[in-house]
Amino acid sequence: MAQGQEKHVVVIGGGIVGVASAERLLQAGCRVTLVEPGEAGGPQAASYGNGAFLSPASIIPMSMPGLWKQVPGYLMNRTAPLTVRWQYLPRLSSWLLRFLQAGSSKSRVTRTASALAQLLRNAPQHHLDLAMRIGAPWMIRSQGLFYLYTDRAAYHADRLAWDLRRQNGVVMQELEGAELSAQVPGLANRYGFAIYLPDGKHCVDPGGYTQAVARWCETQGMSRKYARATGLTHDNGRIVAVRTDQGEIPCDAVVISAGISSAVLARMAGDRIPLETERGYHVELPDADLDLPVPVMPQDLKVAIVRTTGGLRVAGQVEFASASARPDWARADLLRDKLFSCFPALSGTDPAKVKRWQGNRPSTPDGLPVIGPASGIKGVFYAFGHGHIGLNSAPATAAIIAEMVAGIPSALDPTPFAAGRFR
Ligand SMILES: Cc1cc2nc3c(=O)[nH]c(=O)nc-3n(C[C@H](O)[C@H](O)[C@H](O)COP(=O)(O)OP(=O)(O)OC[C@H]3O[C@@H](n4cnc5c(N)ncnc54)[C@H](O)[C@@H]3O)c2cc1C
């Protein structure tokens, strides 16, 4: 079938990647069923609690040259932005080695950055377009984004990352001293330098936005199945149904966008994908008295600070542990303390009024998502592994998926995202 018409597609997972894919598939003329055991964009999803950044700068992978030198220090320091639960280290070791290898040279990270730049081109604007299509343009705000540094020397220490951004067309402005203090009232005076990204945007409620996309899709005819996908049924190597804990759903195509749970399903479709959770946290202060129209990312703290409809949110941390391990709320408390160090006037906040959340970033070691067909079953497509940039890159992923399902050549080169790169 050359076009989407009459094709029944099951989308597994109601995070932002799944619902954005569903929306594009409906546009392509497919019949769509969303399989998700919880609410779309509910707290079980990474899409609920992220940092809400829609940043043109997010083309830089986490693993960069020299990171390996910092890892031992991180592991010994309880307050570091990255931590590993020791009992998890044996399971993590091969992923971690691949992760460090992916960032081991300038040429590797240059390749990764240009693949991500392709995926993220105009991503903030694509979100605004999506929000308009679903009738909720207010959910995406266009105030730009600040990346904060203590001084120009600290910024220069990140030169490779910013050079790559510049080479990939990211528009940026420098801001210093009093000009910065005027733009970010209440900011700790240790910050003397910033990069402003005028094209950056943010989402005021990532979970609510995901849910709003799903609801809009339902008004456009999408069926909703509150179920967990458990298997894939094929006939002569072509998908014919998705098995769930609530019964089987016949279909012509499947999109696996189940976040951190995607690797188990991909295995059934013939691909072994090294997918790990980079567990993250957020803290939200519902009553914070701080005027912060433009979100900030202090580079010394490695957190995103953003005003959402739920309050002032600080999000960050990378914790390697099993996806099902209990949250270590001390990690969230660290975020709260970092927020206070950034905006000292908030330090008196009543701890009882602080809300905390933990979620799983679905991460590949090379910092690139997995987008494309499965190797073992025709009609199965992958849309997962977006790590730190899944909110940002969801519309572009959705566009690629809809084109692939409909059999239309993709406008973007999907080669860097193919599952086969891990073979
Ligand atoms: C602290 C933190 C900060 C972040 N900040 C940003 C940011 O500022 N900008 C950005 O772009 N990204 C950010 N991210 C990353 C981003 O949140 C994720 O990449 C993105 O949400 C992943 O979306 P997803 O749809 O792939 O997965 P998820 O949102 O995790 O959704 C997966 C869904 O699949 C469902 N599911 C699982 N198994 C099954 C099954 N078997 N059957 C059916 N359904 C299933 C789950 O219930 C879940 O709802 C951040 C992440 C974290 C944790």
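This briefing walks through the ligand site, the empty spaces and some of the strand pairing in the structure above. Please keep in mind that the model is predicted. The ligand has 34 residues around it, and the protein covers 95% of the 1000 Å² of accessible area that the ligand has on its own. Beyond the ligand site, there is one cavity of 30 Å³ or more, and the second largest pocket has a volume of about 370 Å³.

**Around the ligand**

- A good place to begin is with E36, S47, G51, G387 and N392, which come nearest to the ligand among the 34 residues around it.
- Two backbone contacts are worth a look: a backbone N or O atom of I16 lies 3.3 Å from an oxygen atom of the ligand, and a polar backbone atom of V17 is 3.1 Å from an oxygen atom of the ligand.
- Q44 takes part through its side chain, with a polar atom 3.1 Å from an oxygen atom of the ligand.
- Four elements give two or more residues to the shell around the ligand, namely α1 (16-27), α2 (46-49), β15 (276-285) and α13 (390-406).
- Of the elements, α13 gives the most to this shell, with three residues.
- Sorted by class, the shell around the ligand is made of 15 nonpolar, 16 polar and three charged residues.

**The largest cavity**

- The largest cavity holds about 40 Å³ of space.
- If you would like to find the cavity on screen, select L67, V71, L75, L82, V84, L96, F99 and F320, which line it.
- The lining of this cavity draws at least two residues from each of α3 (67-76), β4 (82-84) and α4 (89-102).
- The largest share of that lining comes from α3, which supplies three residues.
- The lining of the largest cavity has eight nonpolar residues, with no polar and no charged ones.

**The second largest pocket**

- The second largest pocket, with its volume of about 370 Å³, is lined by 13 residues, of which A102, R108, D366, L368 and R421 are the closest to its centre.
- Two elements, α4 and α5 (106-120), give two or more residues to the lining of this pocket.
- With four residues, α5 gives the most to the lining of the second largest pocket.
- The pocket lining includes charged residues: by class, it has six nonpolar, two polar and five charged residues.

**Strands and their partners**

- Strands of a sheet pair through backbone hydrogen bonds, in either a parallel or an antiparallel sense.
- Strand β11 (residues 229-235) pairs with strand β12 (residues 238-244) in the antiparallel sense, over six bridges.
- Within this pair, A229 has T244 in β12 as its bridge partner.
- The two strands β11 and β12 form a hairpin with two residues between them, and N236 in the turn has a positive phi of about 50°.
- Elsewhere, three strands form an open sheet with antiparallel pairing, in the order β3-β9-β5.
- The edge strands of that sheet are β3 (53-54) and β5 (140-141), each of which pairs on one side only.
- The pairing of β3 with strand β9 (residues 201-203) is antiparallel and runs over two bridges, with L54 standing opposite K201 in β9.

How values were computed: Residues numbered from 1 in each chain as written. Predicted model: local features only at pLDDT ≥ 70, side-chain atom pairs only at ≥ 80, totals over all residues. Heavy atoms only, no water. Near = heavy atom within 4 Å. Polar contact = N/O pair within 3.5 Å; in protein donor to acceptor, adjacent residues only side chain to side chain. Areas by Shrake-Rupley, 256 points an atom, 1.4 Å probe, with all protein chains shown as cover. Nonpolar A, V, L, I, M, F, W, Y, C, P; charged D, E, K, R; others polar. 1 Å grid on protein atoms, 1.4 Å probe; cavity = no way out; pocket = protein on both sides within 12 Å on 5 of 7 lines; lining within 4 Å. Points joined across faces, edges and corners; volume = space filled by probe spheres on them. Pairing = 2+ DSSP bridges.
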